[in-house]
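Trainee: I should like to go through the cysteines of this model, and then one arginine. May we begin once the structure is on display?

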Amino acid sequence: MRRLALLACLLGTFGLTGCDVDGGGLDRARQNFGVTNPKPSAFHVCGSHNCRKRVAVSLSPAEWSSARAPLRSRPRTPGAERRALAETLRRLEVVVGRKTGYDSDRAGSTLQMGVKAQDCVDEMVNTAVYLKMLDDAGDLRFHRPGQRVTIGFMTREFWTHTVASIYQKDTGQEFIVETWVVDFGETPYIMDRKAWAANEPLRRDF
């Protein structure tokens, strides 16, 4: 059914409002791309388009602690936690990018010539890895890892586009985690899924 729904999106009209489909939970997404059982001391990240390359990474206790610091401050509201999560994800991208050489990645990249790059699939899987590690560490109080969300034909100026998401535990509200549209080292967007799918301007729902 998911494949049929995605096909319907791809064959749809060129309207301003797109359609989005669920691609299963983020655990499934990681398994599909061979990135399983991540631990801060030993995990893999994807790169070079559609997770064509999986690079082994290890964080020292100090690196892991520094990345988690915004969440470990115990934000008191869901919005504050999303802000802290965005900063934590930014810090993780910086330390991991420098270790793997993907610090050359730029916003909206697919196959940058002459440099290492990460497309939206790579970014989605890597976000799923980070969310899994943070959730396992007990750092997410107000949210839980969500699913893979794929947007349809010619929406947000993409043919298709995929992201990871999170759910707010008390309300069930879903937020996409958009890391692909920002340059390396910049704060990702965390935005209400419905607003994102409706082509509203990108924003950070903190």
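Trainee: Is C120 buried or exposed?

Mentor: Buried means under 20% relative accessible area, exposed over 50%, and partly exposed in between, with a 1.4 Å probe and protein chains only. C120 has a relative accessible area of 13%, so C120 is buried.

Trainee: On what basis should such values be read?

Mentor: This is a predicted model, in which local features need pLDDT of at least 70 and side-chain atom pairs count only at pLDDT 80 or more, while totals for chains, interfaces and linings use all residues. Residues are numbered from 1 along each chain as its sequence is written, and side-chain values use heavy atoms, with hydrogens and water left out.

Trainee: Which cysteines form a disulfide?

Mentor: A disulfide is a pair of cysteine sulfur atoms within 2.5 Å, and a search of the whole structure finds one. Its sulfur atoms lie 1.9 Å apart, and the partners are C46 and C51.

Trainee: What is the handedness of the disulfide of C46 and C51?

Mentor: Both partners are buried, C46 at a relative accessible area of 0% and C51 at 3%. The torsion about their S-S bond is about -55°, so the disulfide is left-handed.

Trainee: With which side chain does the side chain of R148 make a polar contact?

Mentor: R148 is found in strand β4, residues 143–151, strands being DSSP runs (E, at least two residues) numbered from the N terminus. A polar contact is a pair of N or O atoms within 3.5 Å; within protein, one must be able to donate a hydrogen and the other to accept it, and residues adjacent in sequence count only if both atoms are side-chain atoms. At 2.8 Å, the partner of the R148 side chain is that of T162.

Technical notes: Helices (H or I, at least four residues) and strands (E, at least two) are DSSP runs, numbered from the N terminus.
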